[in-house]
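Subject: Handover of a structure and notes on it

Dear colleague,

Please find below the structure that I am handing over to you. My notes come after it, and I would ask you to read them with the structure open.

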Amino acid sequence: MIRAILLLPLLAAPVAAVAADDWVTPAEKSGFASTPSYAETHAYLERLAAAAPERIHLTRFGVSPEGRDLMLVIASSGGETTPEAARASGKQILFVQAGIHAGEIEGKDAGLMLLRDLSIATKRPHALDHTILLYAPLFNVDGHENRSAYNRINQNGPAEMGFRATAENLNLNRDYMKADAPEMRAWLQLWNAWLPDLLVDVHTTDGADYQYDLTWWTEDWGPLDDGVKAWQERALKQRVFAQMEKHGHLLSPYLELKDHRDITKGIVNFGSGPRFSTGYVALQNRAVLLVETHMLKSYAIRVRATYDLLALILDELDAHPGELRNAVLAADRDAVARARAADASLPILFATSDQSQPLKLKGFAFSQTPSAVSGDTWTQYEPAKPRTYVVPYWRDLVATERAALPAAYLVPAGWPAIIDKLHAHGLRTEATTRPVSAQVRATWLREPQWARRPFEGRIMLTEFKAETARETQTFAPGAVIVALDQRAANVVVNLLEPRAPDSLLRWGFFNAAFEQKEEPDARVSERLARDMLAADPGLKKEFETRLSSDKAFAADAEARLAFFYERSPWYAVEHVGRYPVVALDAAALAAVRAAR
């Protein structure tokens, strides 16, 4: 079920006659020494929308926990201010997202400049002829207002900047799958209403010093459709990036150092994944570009690089209308058609290839000094001495595990939080209205291991052994079928397939499935053990072997008694370790639908 998004209009400021100088953005006025507050950003956009209502529409897609608007600007040339109007126009939709990490805020200030130039200044009169621009200037708006000069220790300006996490101390760029933050749930509603063709997510780097003012990342591995990958290669890497260099910018793929002490040891693929914007949007069959301006360049350079890149992407979409839209719609069709294949599978786990390739890296000379402080090596760069290195680049990811795709998954009615999460992602579901029985592929989870500390507000399930079995199960009314013949099938799989890296199981939503709720008294277990030993010679041999081979077990009275209880009918009915979600093949799906 896809829920309609509510776009709430903001009160427009009265239109007043203004001079051209009045459209200088707050960051420009400061010489890029500072970045405007939420209120200043809001006020500038209100004025812009009031002065150019035919091209700029200001709304919001939600409200933050601290009560601030999650602002959304819709820039269009034909008055398309709703998802329905956008779809009817046939135009491509570019979604630019800034401030998901609120200290990395170039995207906000570049966006204000770009929106002005698309409307008041009319510097790019045709940029919106074939494209609708969605612009979210401050995704993590509460973090943005948690301002300090000390929020980004690695970064060169502006004078004050926002904080990485939300008011709940959640990192939104780890929240795309679990969607715990209300800001993310609002984002998902926005995404599913508009279904943009391309997301550009603007960040700032940490890490090493080098000559590049902007690094980038695209999803070239995993389940992203080949046609969309081909568009990213052709349009972004070959055409847009080449134009960026003509504008005086140095670009590089995202530079994740293999060893932070020595840039010459090479670069590795940082891996992304569905918890990140890039990985999630790829699951949605859409193109995505991660922008990482270089933290040590001046704020003015970083904002200008972001502005130029966004402007050139608009130029690209204008020059090749429909090219991207055709690619993503074909990807949607292919995702639906894949559900009819009997042997369909999807890669879900990846590792960096052990094969590297040479990368020409434009860096700086550096020194390495043994440190009496840390006991490690202290690396210091010399920006006055540019150097070009040829380093190994472990670029490629290889699939290490694939999931065999069923026709559908079924979530029992007893797990309403999981069903709500599926709806938050805009997935199509079907609810049963009566008890249904079916032969299903069930999964049993053994030897679970959890993280020792919380991550993003949750205790993650880090490892387990999965055993599958064919079982006949009966489900109460209200169970939900999630068929894979839908556009966002890759999202379904990555949410519900147990071993997917950001599955709801991994994030701890099913931790209760591992809990034993009844426990026998020791006196009862003693009688049970004796009865079972007398009745089953094979069990007696297994117990004696365990005693002789496992000293810890032999010394643990509770473990010895649990050995028998866990093999008894009393324990079996608790289904400890049974994954509640089951997989349905085509026949089971048809049977459940017929009975529901």
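The notes below begin with the basis of the model and then move through its sheets, helices and loops.

The model is a predicted one, in which local features need pLDDT of at least 70 and side-chain atom pairs count only at pLDDT 80 or more, while totals for chains, interfaces and linings use all residues. Residues are numbered from 1 along each chain as its sequence is written, and side-chain values use heavy atoms, with hydrogens and water left out.

**Confidence**

The chain has a mean pLDDT (the predictor's confidence in each residue, from 0 to 100) of 95, and 97% of its residues reach 70 or more. Over residues 1–18, however, pLDDT stays under 50. The model has 38 contacts (heavy atoms within 4.5 Å) for this stretch beyond four places in sequence. Where pLDDT is low, the predicted coordinates should not be read in detail.

**Sheets**

Helices (H or I, at least four residues) and strands (E, at least two) are DSSP runs, numbered from the N terminus. Two strands pair if DSSP finds at least two bridges between them.

One open sheet has 8 strands in the order β1-β2-β4-β3-β5-β10-β6-β7, and its pairing is mixed. Its edge strands, each pairing on one side only, are β1 (56–63) and β7 (251–253). From one strand to the next, the twist averages 25°; axes are lines fitted to C-alpha atoms, for helices over the stretch in contact, and angles run from 0 to 180 degrees between N-to-C directions. Within this sheet, strands β3 (residues 92–97) and β4 (residues 131–136) run parallel and are joined by 6 bridges. Leu-94 has Leu-133 in β4 as its bridge partner. Helix α2 (residues 38–51) packs on the sheet, where it touches β1 and β2 (69–75), and its direction makes about 30° with that of β2.

Another open sheet consists of 4 strands in the order β8-β9-β13-β12, again with mixed pairing. The edge strands here are β8 (256–257) and β12 (357–370), each of which pairs on one side only. Strand β9 (residues 267–268) runs parallel to strand β13 (residues 377–394), with 2 bridges between them. The bridge partner of Ile-267 in β13 is Tyr-393.

**Strand β19 and its partners**

In a regular strand the side chains alternate between the two faces of the sheet. In β19 (residues 480–483), Val-480 and Val-482 point one way and Ile-481 and Ala-483 the other, and all are buried (under 20% relative accessible area; exposed is over 50% and partly exposed in between, with a 1.4 Å probe and protein chains only). Strand β15 (residues 408–411) runs antiparallel to β19 and is joined to it by 4 bridges, with Tyr-409 opposite Val-482. Strand β16 (residues 430–431) is also antiparallel to β19, through 2 bridges, and Glu-430 has Ile-481 as its partner.

**Helices α12 and α18**

Helix α12 (residues 489–496) is largely enclosed by the rest of the structure, because 8 of its 8 residues are buried. Among them are Asn-490 and Asn-494.

In helix α18 (residues 586–595), Ala-588, Leu-589 and Val-592 are buried. Seen down the axis, the buried residues of α18 fall within an arc of 100°, so they line one face of the helix; the arc is that of the directions from the helix axis to the C-beta atoms. These buried residues pack against β15, β17 (436–450), β19 and β20 (582–584). On the other side of α18, Ala-586, Ala-587 and Ala-594 are exposed.

**Two loop residues**

Phe-510 lies in the loop between α12 and α13 (522–535), and it is buried, with a relative accessible area of 0%. Leaving out residues up to four places away in sequence, Phe-510 touches Trp-415, Ile-418, Leu-504, Leu-505, Tyr-579, Pro-580 and Val-581. Phe-510 and Val-581 are 71 residues apart in sequence, and their C-alpha atoms are 9.7 Å apart in space.

Ser-272 is found in the loop between β9 and α8 (277–283). Ser-272 is buried, with a relative accessible area of 14%. Beyond four places in sequence, Ser-272 is in contact with Trp-217, Glu-219, Thr-278 and Gly-279. A polar atom of the Ser-272 side chain lies 3.4 Å from the backbone nitrogen of Gly-279.

With kind regards

Definitions and conventions
A polar contact is a pair of N or O atoms within 3.5 Å; within protein, one must be able to donate a hydrogen and the other to accept it, and residues adjacent in sequence count only if both atoms are side-chain atoms.
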